[in-house]
Amino acid sequence: MAEEKKLFKVTIDNITIEVEPGTSILNAARKIGGDVAPPAMCYYTKLKGSGGKCRTCLVEVAAGSTADPRPMPKLVASCRTNVMDGMIVKNITSEKVIDARNGVVEFLLINHPLDCPICDQAGECSLQDLSYEHGKEATRYEFKRRTFEKHDMGPFIQLHMTRCILCYRCVFAADQLTDKREHGILDRGDHSEIATYIQKSLDHDFIGNIIDVCPVGALTDRTFRFKNRVWFLKPEDAHRDCPKCNGKVTLWYRGDEVFRVTARKDQWGEVQDWICNECRFEKKKTADWVIEGPTKISRHSVISANHYVGMEVPKETLPDVMGGRKPKLLMNIHSVSEVNRPGIDLSKIEGPAHSTDFVEAKNGS
Amino acid sequence: MGRKLLLEKAHVEGIRTYEVYRREGGYRSVEKALKTMTPDQITDEVKKSGLRGRGGAGFPTGMKWSFIAKPEGVPRHLVCNADESEPGTFKDRYLMEFLPHLLIEGLIVSSFALGSNVTYIYIRGEYAWIVDILEQAIAEAKQNGWLGNNILGTGFNCEIYVHRGAGAYICGEETALLESLEGKRGNPRIKPPFPAVKGAWDRPTVVNNVETLAAVVPIINIGAEEYAKIGIGKSTGTKLISACGNINKPGVYEIDMTISVEDFIYSDEYCGGIPNGKKLKACIPGGSSVPILPANLLLKTVKGETRIMNYESLSDGGFAKGSMMGSGGFIVLDEDQCVVRNTLTLARFYRHESCGQCSPCREGTGWMEKILKNIEYGKGKSSDIDLLWDIQRKIEGNTICPLGDAAAWPVAAAIRHFRDEFEWHVANPLESQKRNFGLAHYADPLESVTA
């Protein structure tokens with residue numbers, strides 16, 4: 001009889017699940033989904049060795065395991081810490097984590113140019129999402145921000161180092177997808193930069209994937225730059241017979257025109273299958289592709305604006321985190337104000353409400 | 001005068017050469033260890049001696065050795081960390097420069113204990129001339145049969161190679177050192193796995209400081225029990241202290257960890273007091289990363305006991321009221337020194353040396369430096385002090401390696417103990433450019449704490 005695999009029981013934010021040994025805390029939390037999954041800027045499931053650098057996925061381990069229930073003294077990077085049987089992890093239920101994550105977001109943003117209005121990544125940028133969800137509204141940084149010159153790394157890729165958050169994903173991608181990596185990190189500390197030393201062009205068949213793995217707008221597709229905003233585009237899944245890759249892509253349409261081709265991404269923003277440069281940069285006609293249908297887009301994403309098909313409702317985990325209780329309103333405005341006319345149930349009014357509805361209701365009451 | 005174990009022979013004429021070193025009793029420990037002891041016995045001996053890592057963290061060395069994984073057929077390595085780059089620390093330089101054979105001797109014994117046939121000395125790039133000294137010593141040791149194949153007919157083979165760093169403080173962190181040794185960019189690794197399991201080239205590796213490995217020699221020579229008798233409590237043996245700053249006799253001193261901090265600064269045998277009759281204002285007792293202490297907290301602990309130069313006493317009171325032994329870089333500041341200026345200098349150093357791998361350290365160190373620069377040059381705001389505190393708090397403990405902590409602690413301690421000096425800088429922007437805050441109340445006796 002085949003030996004049954006022992007599963008590890010892990011509790012994250014009061015939700016217990018069973019995962020296989022060797023799973024990281026981050027991946028266990030992603031299995032639960034929703035708000036319980038810590039954000040990750042540098043970790044990338046497909047890239048071996050990635051993670052641990054950005055520190056946004058820090059979590060508190062309140063109990064190490066059943067065998068050794070001591071808490072871990074420091075917050076740990078959930079992407080690089082494996083679960084143990086009986087581990088208790090606090091993510092959004094830990095004030096320490098929220099505070100540390102707040103700090104990390106602030107650190108990531110102090111030297112970021114915040115040029116979202118002119119950045120091609122806007123709308124699908126992990127840093128935008130991160131700062132929206134975990135950051136503060138204002139910065140305390142009052143100094144000149146670090147800037148770099150823009151570089152063209154070959155005909156397809158432009159490097160805008162000023163926006164880079166040094167997640168090292170593109171370095172790992174080039175290491176693992178190509179036979180010879182030609183770019184890397186030069187210098188150190190806050191002046192370190194992604195570069196090719198002497199401006200070389202990157203021209204490996206799969207190098208285009210570094211655009212997809214970049215969480216910010218530091219590496220952009222030169223064939224798409226400034227052509228369109230992503231939220232005006234309609235993503236469609238498509239495939240073709242490609243001798244180099246498996247040809248499964250997402251086409252980004254506006255009207256009948258294909259503006260760009262990217263790899264398909266999962267709900268965590270990670271590429272499902274790497275695609276080759278030919279599929280990505282050279283096949284921009286509908287005739288090149290077999291269309292499968294609209295891509296599923298999270299309802300939270302700005303890309304879902306104006307699209308009514310293929311929207312995914314995000315998972316709601318908060319009631320589970322709170323042990324079945326619903327989040328409580330901090331203050332019920334009706335108890336202190338009559339402005340909203342609590343006596344009138346808007347849902348019972350037929351059609352759109354008009355001011356007259358309120359007048360009548362007032363008179364009637 | 002305390003007993004000397006390491007620097008006893010440092011002033012013998014020609015001790016740098018093999019002949020003189022051997023004549024003075026050198027390499028006895030290798031004979032004793034290889035011929036009469038097993039590797040496990042040596043590890044036990046080091047454990048019993050209570051020797052703690054001299055590189056800064058003070059982790060028990062014997063314990064570290066016993067953690068090394070011993071999988072079949074996988075070579076193990078010993079790496080000597082000679083990347084001494086902490087501002088204020090220069091004890092290893094002295095040791096390697098004057099007693100290179102002592103280090104080589106310690107390395108051979110330790111390599112035997114750990115089963116390392118290829119041992120590396122990773123030396124700071126700026127110590128270019130010491131590389132020549134060490135290589136000379138290695139060649140001499142090899143000529144005389146202390147290195148190479150079948151040492152002393154025991155069947156144990158060992159080679160020592162010197163590897164030069166390229167001038168990065170971060171490569172003193174053990175996993176960054178291993179990355180650099182492997183020829184990669186010196187970024188610290190994420191732990192676990194620890195080097196004892198997966199170190200250099202994924203092989204089990206022990207990384208020890210120069211002084212730690214040199215201290216193995218007297219432990220083997222005089223025996224662990226004799227060694228453990230020196231010192232107090234868990235601070236056994238002797239420690240090298242590199243004293244610098246405003247003192248009459250800067251230099252490297254070997255202490256037996258029973259001397260009080262006050263005696264160390266003022267006695268003629270050691271630092272010889274502060275020049276020009278100035279008063280003591282503050283001191284960083286263990287290299288630039290450890291918290292700075294004002295004079296009153298330095299000489300006496302918060303309980304009113306005399307502070308002794310050892311691991312426990314210096315850290316008495318925790319980070320709020322104490323400091324750390326660290327790597328033994330003893331920096332003394334007299335009443336003319338400005339703590340804001342000093343903190344800025346340290347912040348600039350850590351900004352420059354951060355590897356840039358993880359965000360809090362990469363961005364936070366630069367931010368702290370900029371704010372401190374403003375305060376120092378009379379452009380600070382009072383909110384800046386709280387902001388600095390908040391930044392250091394968000395760096396500390398949230399980074400991959402201890403450099404983040406090392407950058408945060410000096411700033412935290414300076415604000416904790418010298419907040420009025422920072423506030424004075426902010427409140428008197430013009431005056432602060434012309435004169436120093438001075439001694440103020442930092443040497444006043446502490447109010448006795450009623451239990």
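Here is a short walk through the interface of two chains and one strand of chain A. The model is predicted, so local features need pLDDT of at least 70 and side-chain atom pairs pLDDT 80 or more, while totals for chains, interfaces and linings use all residues. Residues are numbered from 1 along each chain as written, chains are lettered from A, and side-chain values use heavy atoms, without hydrogens or water.

Let's start where the chains meet. Chain B brings 35 residues to the contact and chain A brings 36 residues, contact being heavy atoms within 4.5 Å. About 3,000 Å² is buried between them, with 49% of it from carbon and sulfur atoms; this is the accessible area (1.4 Å probe) lost on putting the two parts together, summed over both. B:Glu363, B:Trp367 and B:Lys394 supply 23% of the area that chain B buries against chain A, more than any other three residues.

B:Lys394 also forms a salt bridge with A:Asp99 through their side chains (4.0 Å, N to O). Between the two chains there are 7 salt bridges, each a Lys or Arg side-chain nitrogen within 4 Å of an Asp or Glu carboxyl oxygen.

Now turn to strand E3 of chain A, residues 58-63 (strands are DSSP runs of E, at least two residues, numbered from the N terminus). Because 5 of its 6 residues are buried, E3(A) is largely enclosed by the rest of the structure; buried means under 20% relative accessible area (1.4 Å probe, protein chains only). E3(A) runs antiparallel to E4(A), joined by 2 bridges, and A:Val59 stands opposite A:Val76 there. E3(A) is also antiparallel to E5(A), with 3 bridges, and A:Val61 faces A:Val89 as its opposite.

Methods: Buried < 20%, exposed > 50% of the residue type's maximum accessible area, 1.4 Å probe, protein only. Helix = DSSP H or I, 4+ residues; strand = E, 2+ residues; numbered from the N terminus. Pairing = 2+ DSSP bridges.
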